[in-house]
Amino acid sequence: MLFDPSHAPPHLPRVFTRPGLPYFVTDTGEPWTPIGHNDAITWPDLAPLFRRRDLGAVERHLWWLKDHGVTCIRLMLEYCHGEHRYLEKPAGRFVPNMVQLWDDLFVLLERVGMRVLLTPYDTFFMWIRWKDHPYNQKNGGPCASRRAWITCPAMREAIKRRLAFASDRWGGSPALFAWDLWNEMHPAHGGNDPAAAMPFIDDVSAWLRAHEIARHGRANLQTVSVFGPELINHPALVEPIFRHPGLDIANTHLYEHGTIDDPKDTVAPALAVARLMQAAVAEAGRGRPVFDSEHGPIHAFKDRKRTLPVAFDDEYFRHIQWAHLASGGAGGGMRWPNRHPHVLTTGMRAAQRVLADFLPLIDWAQFRRVNLSGSIAGDDPGVAIVGCGDEAQALAWAVRTDAKGVDRTLVPRLDAPAMTVSIPGLAAGRYAVTAIDTRDGTVVCRAEAGTAGEPLRVAVGPVRSDMALAVRRQD
């Protein structure tokens, strides 16, 4: 039995971007932050949607997520690692059971007050299992080769047809946060030519925006994701992914080899995230939201068949989310579970709750940050600090690099010295400073500090493992 609809908020506001602001706001003017993860319609938590096996279980799960601070799930309209969840079969015929699944899910999302980042295709498994996919020309579909997905005119029309169907049916829902128009844009999808990305986005983005304005009177936000390492292999992808004028959000998947994708400790992956997000924020420019919509130990899980120990994985997850936020990303990033079973742990959910409770310390609707990593300094040599700020606010995350235990997680340094942090870029004035222990959200420092224009110096006490720091001008 479903929850009482009276539990739902009376109005789920829509999410927008504001010119020059690298974060999100609602139509009521409140800041909104994507805190969430990747899920799939075949994974344990959402699988009961199919054929309406247990809608109540799914709704209870969504309420549980909301209680843990989750605001957004990233999903693919089909997840085709098997034969029974195609949205279209044959191409152009939308499968009734799948349409019902999405109808039900949007009702539940609106009722609970949660949103979805929606991408139309599971390009990973579509590539691997192309011989079986309904879009393959051999199966009566529009496209002869997976290497022509974004260049084949018939494929382009099929993509628009799917987006039109989905937008007409669910695009008017305030539960739709944004369209991820293409999952992990790759040169291989366009004849191994990175230049194919730009005209594809030009066409599909403008077409969908016009279609939605005509149907709904407004267009939903748009982004295109990319497998992060491909930006190194194909630098030409930076322009369409991070700066395309038709897109609203810059969106990357952080899977750096040897650190993030196969972690040996819980600190190096987070510092890699900080470095990659620093570059992403710079590439996107000051006024565009940037976030990671996929990360996790993919090489360890998929290739090495290794599920990380829970305690290790919880800390790895927590460190990554704070490095992402403090580097200027919107939210904490969106983990791909890469676990057996394919769900996030309760420890990861607790970490998301701590992040959600921290967010009101910053006025995100006014925060026009630049990345400050490398400029923020602390006087404890055993601590690394990443952060971002503008003239009135700053955000930082400090983590010990000298306290790893035998399991390669952090062992709190009870003998850690008190630390003073210097934060550049803040205007003259008085500032409220709050520092929390990210493990449980405990406030470890509340202080006031002032600056006449030089870097603000704040005594925050000892960093025993890691802490997050919010600085806000009092006027």
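## The largest pocket

Sort the lining of the largest pocket by class and you get 21 nonpolar, 13 polar and nine charged residues. This is a predicted model, so keep that in mind as we go through its pockets, cores and backbone details. The space inside this pocket comes to about 1100 Å³. In total 43 residues line the largest pocket, and those closest to its centre are E184, F227, Y255, E294 and I298.

Where do the lining residues of the largest pocket come from, in terms of elements that give two or more? The list has five helices and a strand in it: α3 (123–128), α6 (230–233), α7 (238–243), β9 (250–254), α8 (268–284) and α9 (298–303). I298, one of the residues closest to the pocket's centre, falls in the α9 range of 298–303.

## The second largest pocket

Next comes a pocket with a volume of about 420 Å³, the second largest. Its lining has 21 residues, and closest to the centre sit P31, W32, T33, G69 and T71. Two elements, β3 (31–32) and α11 (346–358), each put at least two residues into that lining. P31 and W32 are among the residues closest to the centre, and the range 31–32 is strand β3.

As for chemistry, the second largest pocket is lined by ten nonpolar, five polar and six charged residues.

## The nonpolar cores

What is the size of the largest nonpolar core, and which residues have the most contacts inside it? This core takes in 129 residues, with L62, W102, F177, W182 and M185 having the most contacts inside it. Helix α2 provides the largest share, nine residues.

M185 makes a good example to look at up close. Setting aside neighbours within four places in sequence, M185 is in contact with I150, A197, F200, I201, V224, S225, V226, L237 and I241. Apart from the big core there is another one, of 23 residues, including A398, L426, A435 and A449.

## A small sheet and an enclosed cavity

Now for a sheet further along the chain. Strands β13, β16 and β19 form an open sheet in the order β13-β16-β19, with antiparallel pairing. The edge places go to β13 (377–378) and β19 (456–462); each has a single partner strand, so one side of each has no neighbour in the sheet. Between β13 and β16 (residues 418–423), running antiparallel, there are two bridges. If you want a spot to zoom in on, G378 stands opposite V421 in β16.

V421 turns up again in the lining of the largest cavity. How many cavities of 30 Å³ or more does the structure hold? There is one, and the largest cavity has a volume of about 50 Å³. Its lining is made of I385, A396, W397, A398, M419, V421, V460, M467 and L469. Elements that give two or more residues to this lining are β15 (393–400), β16 and β20 (466–473), and β15 gives the most, with three.

By class, the cavity lining has nine nonpolar residues, no polar and no charged ones. A398 has two roles here: this residue lines the cavity and also belongs to the core of 23 residues.

## Cis peptide bonds

Two cis bonds leading into prolines are worth a look. From K89 to P90 the peptide bond is cis, with omega near -5°. P90 sits in the loop between β5 (72–76) and α2 (96–112), and α2 is the helix that gives the largest share of the 129-residue core.

H340 and P341 are also joined by a cis peptide bond, this time with omega of about -10°. You'll find P341 in the loop between β11 (334–335) and α11. Helix α11 has come up already, as it helps line the second largest pocket.

## Positive phi outside glycine

R51 has phi near 55°, a positive value in a residue other than glycine. Its place is in the loop between β4 (36–38) and α1 (55–67). Is R51 buried or exposed? Exposed residues have over 50% relative accessible area, and R51 has 58%, so R51 counts as exposed.

N192 also has a positive phi, about 65°, and is not a glycine either. This residue lies in the loop between β7 (176–180) and α5 (197–216). With 48% relative accessibility, N192 counts as partly exposed.

Definitions and conventions
Residues are numbered from 1 along each chain as its sequence is written. This is a predicted model: local features need pLDDT of at least 70, side-chain atom pairs count only at pLDDT 80 or more; totals for chains, interfaces and linings use all residues. Side-chain values use heavy atoms; hydrogens and water are left out. Two strands pair if DSSP finds at least two bridges between them. Helices (H or I, at least four residues) and strands (E, at least two) are DSSP runs, numbered from the N terminus. On a 1 Å grid over the protein atoms alone, a cavity is a set of points where a 1.4 Å probe fits but cannot get out, and a pocket is an open set with protein on both sides within 12 Å along at least five of seven lines; lining residues have an atom within 4 Å of a point. Grid points are joined across faces, edges and corners, and a volume is the space filled by probe spheres set on the points. Ala, Val, Leu, Ile, Met, Phe, Trp, Tyr, Cys and Pro count as nonpolar, Asp, Glu, Lys and Arg as charged, and the others, Gly among them, as polar. Buried means under 20% relative accessible area, exposed over 50%, partly exposed in between (1.4 Å probe, protein chains only). A nonpolar core is a set of buried Ala, Val, Leu, Ile, Met, Phe, Trp, Tyr and Cys residues joined through side-chain atoms within 4.5 Å. Contact means heavy atoms within 4.5 Å.
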